[in-house]
Amino acid sequence: LFVSSGGEAVEAGMKLARAATRRSDFIFCEGGFHGTGFGSLSLMGEERMRKPFEPLLAGCHRIPFGNLDALERSFGGLISRHEVLRTRFETVEGSPAEVIDPPSTFRLRVEDLSGVEAELREQTARGRAEAIARELFDLKRGPVLRAVLLRLSEQDHLAVVVMHHIAADGWSIAVLIRELGALYSAFVEAR
């Protein structure tokens, strides 16, 4: 399941992400977002900066067995490596200013859906993934990346990843997905 918006850049990003991950289990759903990136922040003003923003791109990938430690460490490594994923925006003297937070421990949010009746579990998971993707971002507080693991059963999980459009575009999402996959593989294989 892929929940996205933003037009052709997102569609191109999806094609790149599919190629990068060599997977075909992504589905488009429509969503919305506000704002047009960092270049427009100075035009937004203080009132607009206070309001949360919706994401550009969110994805959900099925994981047959979720290694929580490896997944948390993978996201932590990705966030540590890319300053943009640790960036938030404050208003300084009436203008937006980037604040890059230091790397910190990443905690993956886990939602257990295994108690939901089997025939309703997929529908519930899809609904939760879409709701997670539509949660608004607050650029003043950060972070600009959200990850949630939906546990469907002991051996079946969905990893939901949402990034604000200020941190990723159609091209960079493929790079981040590839890197996340490489980190996860390395941690699972203890390399």
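The following paragraphs describe a predicted model of a single chain, from its overall layout to its strands, cores and individual contacts.

The chain has 191 residues, of which 42% are buried. Its secondary structure consists of 5 helices and 8 strands. Read from the N terminus, these elements follow the order β-α-β-α-β-α-β-β-β-α-β-β-α. Among contacts in the chain with a separation of 6 or more, 71% are between residues 24 or more positions apart.

Two hairpins may be considered next. Strand β4 (residues 87–92) pairs with β5 in the antiparallel sense, over 6 bridges. These two strands form a hairpin with 2 residues between them, and E93 in the turn has a positive phi of about 50°. Within this pairing, V92 stands opposite S95 of β5. The second hairpin joins β7 to β8, again through 2 residues. Here too the strands pair in the antiparallel sense, over 8 bridges. R151 has H157 in β8 as its bridge partner. Strand β8 is mostly covered, with 7 of its 8 residues buried.

Attention now turns to the interior. In soluble globular proteins, nonpolar side chains tend to be buried together. The largest nonpolar core of this model comprises 26 residues, and the members that touch the most others are L71, F75, L85, F106, L108, L145 and M163. Two or more residues of this core come from each of α3 (68–81), β7 (145–153), β8 (156–163) and α5 (172–188). Apart from this core lies another, of 13 residues, including A129, I132, A133 and L150.

What does L85 touch, not counting residues up to four places away in sequence? The residues are L78, I79, V144, L145, M163, A167 and L176. L145 and M163 thus appear both as neighbours of L85 and among the core members with the most contacts to other members.

F75 and F106, also listed among those core members, are both buried. The model contains 1 aromatic pair. It is formed by the rings of F75 and F106, whose centres are 5.3 Å apart; their planes lie at 35°, so the pair is tilted. The pair links distant parts of the chain, with F75 in helix α3 and F106 in the loop between β5 (95–100) and β6 (109–112), 31 residues apart. Another ring, that of F137, has R146 over its face, at 4.3 Å from the ring centre.

Helix α4 (residues 118–134) contributes a further part of the picture. This helix has 17 residues and reaches 25 Å from its first C-alpha to its last, close to the 24 Å expected at 1.5 Å a residue. Its buried residues are R121, A125, A129, I132 and A133. Of these, A129, I132 and A133 are among the members of the 13-residue core.

A final position of interest is V110, found in strand β6. Is V110 buried or partly exposed? V110 is partly exposed, because its relative accessible area is 33% and the partly exposed class covers values between 20% and 50%. Leaving aside neighbours within four places in sequence, V110 is in contact with L68, L149 and R151. The C-alpha atoms of V110 and A159 are separated by 9.2 Å, although these residues are 49 residues apart along the chain.

Methods. Residues numbered from 1 in each chain as written. Predicted model: local features only at pLDDT ≥ 70, side-chain atom pairs only at ≥ 80, totals over all residues. Heavy atoms only, no water. Helix = DSSP H or I, 4+ residues; strand = E, 2+ residues; numbered from the N terminus. Expected span 1.5 Å × (residues − 1). Buried < 20%, exposed > 50% of the residue type's maximum accessible area, 1.4 Å probe, protein only. Core = buried A, V, L, I, M, F, W, Y, C linked by side-chain atoms within 4.5 Å. Contact = heavy atoms within 4.5 Å. Phe/Tyr/Trp six-rings, centres within 6.5 Å; stacked < 30°, edge-to-face > 60°. Lys NZ or Arg CZ within 6 Å of the ring centre and 35° of its normal. Pairing = 2+ DSSP bridges.
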